[in-house]
Amino acid sequence: MTFPMVARTVHRHVEVDGVNVFYRESRPARDDAPVMLLLHGFPSASHQFRRLIDVLGARYRLIAPDYPGFGHTDAPADFGYGFDRLADVIEGFVEAIGVTRFVMYVFDFGAPVGFRLATRHPEWIAGLVVQNGNAYEEGLSDGARDFIALRPEDEGAEETIRALLTLEGTRGQYETGTSDPGMVAPDGWTLDQHFLDLPGRKEAQVALAFDYHSNVALYERWHEWLREHSPATLITWGGNDPFFPEPGAHAYLRDVPDAELHVFETGHFALEENLADIAPLIAGFLDRVWPGQ
């Protein structure tokens, strides 16, 4: 009997400006295998990519770090949480592990982190995989707009954010919009909540929530980067996402009209329910866009 190849994955830390960055990385048999940097979302961490890495990591080098304030990454107590700082750390992480070219997978918070990397280092980006990683005004639901509009001085604003950081709120992000909630393993939201409940983690998330408006302010700059560099782009989107609805996926086609777009009847964490559909799309994309393939 022939068995499919299963990825060999290592789990390590690397020091970046006082932040002990955790990452998981698959080790394919070929040294020249395509490289993909996986940038996770809120409230998750690199563990959200475990099944994708198992499926594709024997053939491709997949690298997934945890941001400061997430997962197994340890940041100093005085770390200043904002999206610029997350991007600073991931930029340093990429330099520390010696990667100079990769396809970038952006999901949720991964979009503002990743597009900051792209505008700083366009030479790093060999292609773009977008999964519910919003960069357009029309990709914001009414609820998302209300959330982004919150400011620290607003009465009840912090309490509104903290209500999303409960087990009920975390589970809802996984299950809302799915076609079959039974396809979504409880491990994801349970592990996310474990990390959210660690000392200082909720405060980090509150700071990032109050900083999210800085991403919207950069949308046009990111659109200019997309138009100027025309990266090969694969878009896979959970169409029932309560935060980033389907119009956000189609909006990318204004700036990268040759992008390949697939919308699935699921929610925010599309890989949870549609891994079997999305993984082959990513594999085919990597084979097409990676130099020398």
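# Exercises on buried and aromatic residues

At 7% relative accessibility, tryptophan 124 counts as buried, where buried means under 20% relative accessible area, exposed over 50% and partly exposed in between (1.4 Å probe, protein chains only). The model is predicted: local features need pLDDT of at least 70, side-chain atom pairs count only at pLDDT 80 or more, and totals for chains, interfaces and linings use all residues. Residues are numbered from 1 along each chain as its sequence is written, and side-chain values use heavy atoms, with hydrogens and water left out.

**Exercise 1.** Classify the aromatic pair of phenylalanine 102 and tryptophan 124, and place both residues in the chain.

*Solution.*
Step 1. Rings of Phe, Tyr and Trp (its six-membered ring) pair if their centres lie within 6.5 Å; planes under 30 degrees apart count as stacked, over 60 as edge-to-face and the rest as tilted.
Step 2. The structure holds 17 aromatic pairs. One of them joins the rings of tyrosine 67 and phenylalanine 70, whose centres are 5.5 Å apart with planes at 90°, so this pair is edge-to-face.
Step 3. For phenylalanine 102 and tryptophan 124 the centres are 6.1 Å apart and the planes 55°, and the pair is tilted.
Step 4. Phenylalanine 102 lies in strand E5 (residues 102-106), while tryptophan 124 is in the loop between helix H3 (110-120) and strand E6 (125-130), so the pair ties together parts 22 residues apart in sequence. Helices (H or I, at least four residues) and strands (E, at least two) are DSSP runs, numbered from the N terminus.

**Exercise 2.** State whether tyrosine 67 and phenylalanine 70 are buried or exposed, and name the aromatic cluster with Tyr67 and Phe70.

*Solution.*
Step 1. Tyrosine 67 has a relative accessible area of 0% and is buried.
Step 2. Phenylalanine 70 is buried as well, at 2%.
Step 3. The cluster consists of Phe42, Tyr67, Phe70, Phe83, Phe109 and Tyr212.

**Exercise 3.** Describe the surroundings of alanine 259.

*Solution.*
Step 1. Alanine 259 is in the loop between helix H11 (247-255) and strand E8 (260-264).
Step 2. Its relative accessibility is 14%, so alanine 259 counts as buried.
Step 3. Leaving out residues up to four places away in sequence, alanine 259 touches Thr233, Ile235 and Leu253; contact means heavy atoms within 4.5 Å.
Step 4. Between alanine 259 and threonine 233 there are 4.8 Å in space, C-alpha to C-alpha, and the two are 26 residues apart in sequence.
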